[in-house]
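Me: I would like to learn how to read a protein structure. Can we take one model and go through it step by step?

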There are 2 protein chains.
Amino acid sequence: MTETITMTPVGLVHTRRMAAEDDAWGPEAADIVLDSRRFGPAALTGLEAFSHVEVLFHFHQAPAETVETGARHPRGNTAWPKVGIFAQRGKDRPNRIGATICEILSVDGTTLTVRGLDAIDGTPVLDLKPVMAGFLPRGPLHEPLWAKELMRRYW
Amino acid sequence: MTETITMTPVGLVHTRRMAAEDDAWGPEAADIVLDSRRFGPAALTGLEAFSHVEVLFHFHQAPAETVETGARHPRGNTAWPKVGIFAQRGKDRPNRIGATICEILSVDGTTLTVRGLDAIDGTPVLDLKPVMAGFLPRGPLHEPLWAKELMRRYW
C-alpha cells in the first residue's frame, strides 16, 4: 500500500481555456496532442469509429497542499451536504486524476479533437479510453439532488 | 511532457478473483478498502446516495515490458480490426490505468463494496468518483461492431 506508482503523461491538452472555472465547459473544442517521441498515429487508429472517448488527466495546477482526504461541501457551497472526497468529483482529490467522457470530433495523426473536456490548456493527459456501451452503468442510475444541481450549468 | 507524476494508492481491492481473465466479471462483489493510515470513514460519506461509482485502479500485474504504444488486435483476435491502444481498453496500456463504473452495494466505515469491478485481488485503487448523470456521454453513443462483440460475455 505504501508503494508509489509513477506515471508519464501520454500527451497534453491544447485549448483556449487557460484557467479552471466551475461552469460552462461545454461548447469549446480541445485538442489532445500525443507525445510524438513515444506515439505515432497508430496509437489512435480506429478511435474515430467511436462517438465518445474518456480522457484521464492530471489536475496539475491543483496544489498538493489543498488535497482533501476527508469530507467537505462541494464547491464550498454550504447549501449542499458535506460529503467525502470520494463522493464528489472536485479537483482537490488524492492523486488529482480527472476522468471525463468527451465527444470525439476528429482524429488527425497524433491529434485527437474533442468537445466537452473540462481541462485547461497544458493539462497532462494520462490515458484515453474509447467509451463502450458495455462499460456504462449497469442498472438504473440515481444520484443525490446536490449532484444534479451542481451539474446544471457545468457544460 | 517528460515530467513524471507520482501516485499513491488510496486503497486496495479485496475480492475472490485472483487472476485476470477476459470474461464474466459481473456477478461477484468486491471490497475496496481504503488505506486507514490516510483515510477515515469521512472520505466515503455520502457515497451511498449514488447508485454507481467509477473506480480508477492500476493494472499492477500487467508487466511494463508488454505495454503497447501502437496498434494491435483487441485480445489478439484477428477477426477484429487492429486498432490503436487508445481505441481499446485492454490492460497493456501506457500508465496501466483501469477505469470501471460499478454498482455500489454498501459503504461501511472505510470499506466500499461494489458489484462489477474487473480487477483482481490486491489491485491498487487510485481514485473513486461518484457517477453523475451529467458526466455520462452527451449526445448519442456509437461504437464499432467489434466492441459490442468483445463486451458480449464480459459481465
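The dialogue below goes from the single chain to the pair of chains, and then to some single residues.

Reply: One caution before we start. This is a predicted model. Keep that in mind throughout.

Me: Where do I begin? How many helices and strands are there in chain A?

Reply: Begin with the inventory. Chain A has one helix and nine strands. Then read the order along the sequence. The pattern is β-β-β-β-β-β-β-β-β-α, with the helix at the end.

Me: How compact is chain A for its length?

Reply: Compare its radius of gyration with a rule for globules. Chain A has a radius of gyration of 16 Å, and the globule rule gives 15 Å for 155 residues. The two values are close, so chain A is as compact as a globular protein of that length. For the outline, look at the C-alpha trace. Along its principal axes the trace of chain A spans about 45 × 35 × 35 Å.

Me: What share of the residues in chain A is buried?

Reply: Buried residues are 39% of the 155 in chain A. Contacts add to the picture. Take those in chain A with a separation of 6 or more: 74% of them link residues 24 or more positions apart.

Me: Now the sheet. What holds strands together?

Reply: Strands of a sheet pair through backbone hydrogen bonds, and the pairing is either parallel or antiparallel. Here, chain A has a closed barrel of six strands with antiparallel pairing. Follow the order β2-β3-β8-β7-β4-β9. Neighbouring strands in this sheet are turned by 45 degrees against each other on average, ignoring direction.

Me: Which strand of chain A pairs with β4 over seven bridges?

Reply: That is β7. Strand β4 covers residues 52–58 and β7 covers residues 97–108. The two strands of chain A are antiparallel. To check the register, find A:H52. Opposite A:H52 stands A:E103 in β7(A).

Me: Let me try chain B. Is strand β9 of chain B mostly covered or uncovered?

Reply: Strand β9 of chain B, residues 124–130, is mostly covered. Seven of its seven residues are buried. Now look at its partners. Strand β2 of chain B, residues 11–14, pairs with β9(B) in the antiparallel sense over two bridges. In that pairing B:G11 stands opposite B:V125. Strand β4 of chain B, residues 52–58, is joined to β9(B) by five bridges, also antiparallel. There, B:V55 has B:L128 as its bridge partner.

Me: How are two copies of a chain compared?

Reply: Two copies are related by a rotation about an axis and a shift along it. In this model, a turn of 180 degrees and a shift of 0.0 Å along the axis lay chain A on chain B, with an RMSD of 0.0 Å. The two copies are thus related as by a two-fold rotation axis.

Me: Which residue of chain A comes closest to that axis?

Reply: A:T6 does, with its C-alpha at 2.3 Å. Look at the strands there. β1(A) and β1 of chain B, residues 5–7, run antiparallel and are joined by three bridges. A:M7 stands opposite B:I5 in β1(B).

Me: How many residues does each chain give to the contact?

Reply: Chain A gives 70 residues, and chain B gives 70. On the side of chain A, β1, β4, β6, β7, β9 and α1 each give two or more residues. The largest share, six residues, comes from β9(A). By type, that side has 41 nonpolar, 19 polar and 10 charged residues. Also, 100% of the interface residues of chain A are interface residues in chain B, so the copies meet through the same surface.

Me: Which residue of chain A has a positive phi without being a glycine?

Reply: Check A:R75, where phi is about 60 degrees. A:R75 lies in the loop between β5 and β6 of chain A. A:R75 counts as partly exposed, because 14 C-beta neighbours lie inside 10 Å. In chain B, B:R75 also has a positive phi, near 55 degrees. B:R75 sits in the loop between β5 and β6 of chain B.

Me: One last loop. What does B:K91 touch?

Reply: B:K91 is in the loop between β6 and β7 of chain B. Apart from neighbours within four places in sequence, B:K91 contacts B:A20, B:F59, B:A62, B:R96 and B:G98. B:K91 is partly exposed, with 18 other C-beta atoms within 10 Å.

Notes:
Residues numbered from 1 in each chain as written. Chains lettered and ligands numbered in written order. Predicted model: local features only at pLDDT ≥ 70, side-chain atom pairs only at ≥ 80, totals over all residues. Pairing = 2+ DSSP bridges. Helix = DSSP H or I, 4+ residues; strand = E, 2+ residues; numbered from the N terminus. Axes fitted to C-alpha atoms, helices over the stretch in contact; angles between N-to-C directions. Buried ≥ 20, exposed ≤ 12 C-beta atoms within 10 Å, placed from the backbone. Contact = placed C-beta atoms within 7 Å. Nonpolar A, V, L, I, M, F, W, Y, C, P; charged D, E, K, R; others polar. Least-squares fit on C-alpha atoms with pLDDT ≥ 70 in both. Rg over C-alpha atoms; globule rule 2.2 N^0.38 Å.
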